[in-house]
Number of protein chains: 2
Amino acid sequence: MIDNIGFVIGDISRLIRRTFDKRARAIGVTRAQWRVLTWLRRHEGTNQSALADRLELDAMTLCRMVDRLQDAQLIERRRDPEDRRAWQLFLTTKGVALSDQLEPIGEQLLQEALADMPGKDRERLLALLELFRSNLQSIDEADADRKRSAHG
Amino acid sequence: MIDNIGFVIGDISRLIRRTFDKRARAIGVTRAQWRVLTWLRRHEGTNQSALADRLELDAMTLCRMVDRLQDAQLIERRRDPEDRRAWQLFLTTKGVALSDQLEPIGEQLLQEALADMPGKDRERLLALLELFRSNLQSIDEADADRKRSAHG
DNA sequence: TCAATTTAATAACATAGTTTATTATATGCA
DNA sequence: TGCATATAATAAACTATGTTATTAAATTGA
């Protein structure tokens, strides 16, 4: 029973990822790139290390993604006037146009997948998932603390 | 509301992946390798292409994972007596021992994360998630069909 | 003020994953 | 039988990611 919940959650996230990848790729980006574009759409001027933190990516990994997105003329780097080490990231016109196409994809997929679930049940599902998430967050933090004290 | 469900599911699967990766890596394997070992534990003798299908991995990707797992002396390839093209995969003694350590990790994480959720709620959660999954599966298949007919 | 430390970004190297093409074997059917 | 096609595995080339080390600039603090 309890492990079924694990399997089903695993299946769901895999299916979301798959469908998402396919639909995003049809538009010409990977899911990883989509995350960067979507974040920048709402928070223009973020620098690389802040963005890497946000998206839980390695700074180096993001650095190279930014290289590629810049080559594809979807984003651009501008020097931070306050900190000469840092770049501020902005979507180009092309990047904004692409991000407009991407935005509805996630919402739409969820709409399709939950079309036949009554509103009451959606609320229940959300509440139960939120409890689940909050417990996982505590576990994650506890693991991180354990590691810290083992080191120190 | 509906997009919150998406975000929460995303968070949950990310947190499960993270915690899982950390705990599995402490034992000396990646999550991808863990999936291979766990499957083989229950289905010894599976060949590479069947296993790749099962785990939804590319045949080539699995081939290299098998190379590494074999180098690490966790699994071994034996010729299929029925089909001289194919290898049958088996855990070594070392692989079995490691798989024994991995087995409880998933179950345990879920136990911790759902400890404070009453049985009734767990059942409800599972039922709602199953509906969600089944809808996503239909969408995934519909997308695949659309692609097929666009090609043909 | 200036040496020590931290931070932002990235080059260089190592590892893992994907795509395409090849080899050996198996299967279907004229 | 023997030719066309399919299948199992993998080599080779390419792409993406993770790790370590370096550079330049910012911050801290005696």
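# Salt bridges, helices and contacts across two chains

User: How far apart are the closest N and O atoms in the salt bridge of Asp140(B) and Lys22(A)?
Analyst: Asp140(B) and Lys22(A) form a salt bridge, and the pair crosses between chains, from helix H6 (residues 119-151) of chain B to helix H1 (residues 2-27) of chain A. The rule for a salt bridge is a side-chain nitrogen of Lys or Arg within 4 Å of a carboxyl oxygen of Asp or Glu. Helices (H or I, at least four residues) and strands (E, at least two) are DSSP runs numbered from the N terminus. For this pair, the closest N and O atoms are separated by 3.0 Å.

User: Good to know! What pLDDT do side-chain atom pairs need to count in this model?
Analyst: Residues are numbered from 1 along each chain as its sequence is written, chains are lettered from A and ligands numbered from 1 in the order written, and side-chain values use heavy atoms, leaving out hydrogens and water. This is a predicted model, where totals for chains, interfaces and linings use all residues, local features need pLDDT of at least 70, and side-chain atom pairs count only at pLDDT 80 or more.

User: Which partner is buried and which is partly exposed, Asp140(B) or Lys22(A)?
Analyst: Buried means under 20% relative accessible area, exposed over 50%, and partly exposed in between (1.4 Å probe, protein chains only). Lys22(A) has a relative accessible area of 29%, so it is partly exposed. At 9%, the buried partner is Asp140(B).

User: Which residues are linked with these two in a network of salt bridges?
Analyst: The network holds both Lys22(A) and Asp140(B). Their fellow members are Asp11(A), Arg14(A), Arg18(A), Glu56(B) and Arg133(B).

User: And how many salt bridges does the rule give over all chains?
Analyst: One of them joins Glu76(A) and Arg78(A), with closest N and O atoms 2.8 Å apart. Glu76(A) is partly exposed at 30%, and Arg78(A) is partly exposed at 38%. Over all chains, the count is 28.

User: How many residues apart in sequence are the parts that Arg77(B) and Asp67(B) tie together?
Analyst: The side chains of Arg77(B) and Asp67(B) meet in a salt bridge, 3.0 Å from N to O. Arg77(B) lies in strand S1 (residues 75-79) of chain B and Asp67(B) in helix H4 (residues 59-71) of chain B. Arg77(B) is buried, with 17% relative accessible area, whereas Asp67(B) is partly exposed at 31%. The pair therefore ties together parts whose separation in sequence is 10 residues.

User: Over to helix H5 of chain A: how far apart are its end C-alpha atoms?
Analyst: The expected span of a helix is 1.5 Å times one less than its number of residues. Helix H5 (residues 93-113) of chain A has 21 residues, so it should span 30 Å. This agrees with the distance between its end C-alpha atoms, 32 Å.

User: Which residues of H5(A) are buried?
Analyst: An α-helix has 3.6 residues a turn, so residues three or four places apart point the same way. In H5(A), the buried residues are Gly95(A), Leu98(A), Ser99(A), Leu102(A), Ile105(A), Gly106(A), Leu109(A), Leu110(A) and Ala113(A).

User: What is the phi of Gln73(A), in the loop between H4 and strand S1 of chain A?
Analyst: Most residues other than glycine have a negative phi. Glu56(A), in the loop between helix H3 (48-54) and helix H4 (59-71) of chain A, is not a glycine yet has a positive phi of about 50°. Glu56(A) is partly exposed at 40%, while Gln73(A) is exposed at 52%. Gln73(A), also not a glycine, has a positive phi of about 60°.

User: How far apart in space are the C-alpha atoms of Gln88(A) and Asn47(A)?
Analyst: Gln88(A) lies in strand S2 (residues 87-91) of chain A, and Asn47(A) is in the loop between helix H2 (31-42) and H3 of chain A. Gln88(A) is partly exposed at 21%, and Asn47(A) is partly exposed at 22%. The two are 41 residues apart in sequence, and their C-alpha distance is 4.5 Å.

User: What is the C-alpha separation of Asp21(A) and Arg31(A)?
Analyst: Asp21(A) belongs to helix H1 of chain A and is partly exposed at 28%. Asp21(A) and Arg31(A) are 10 residues apart along the chain, with their C-alpha atoms separated by 5.7 Å.
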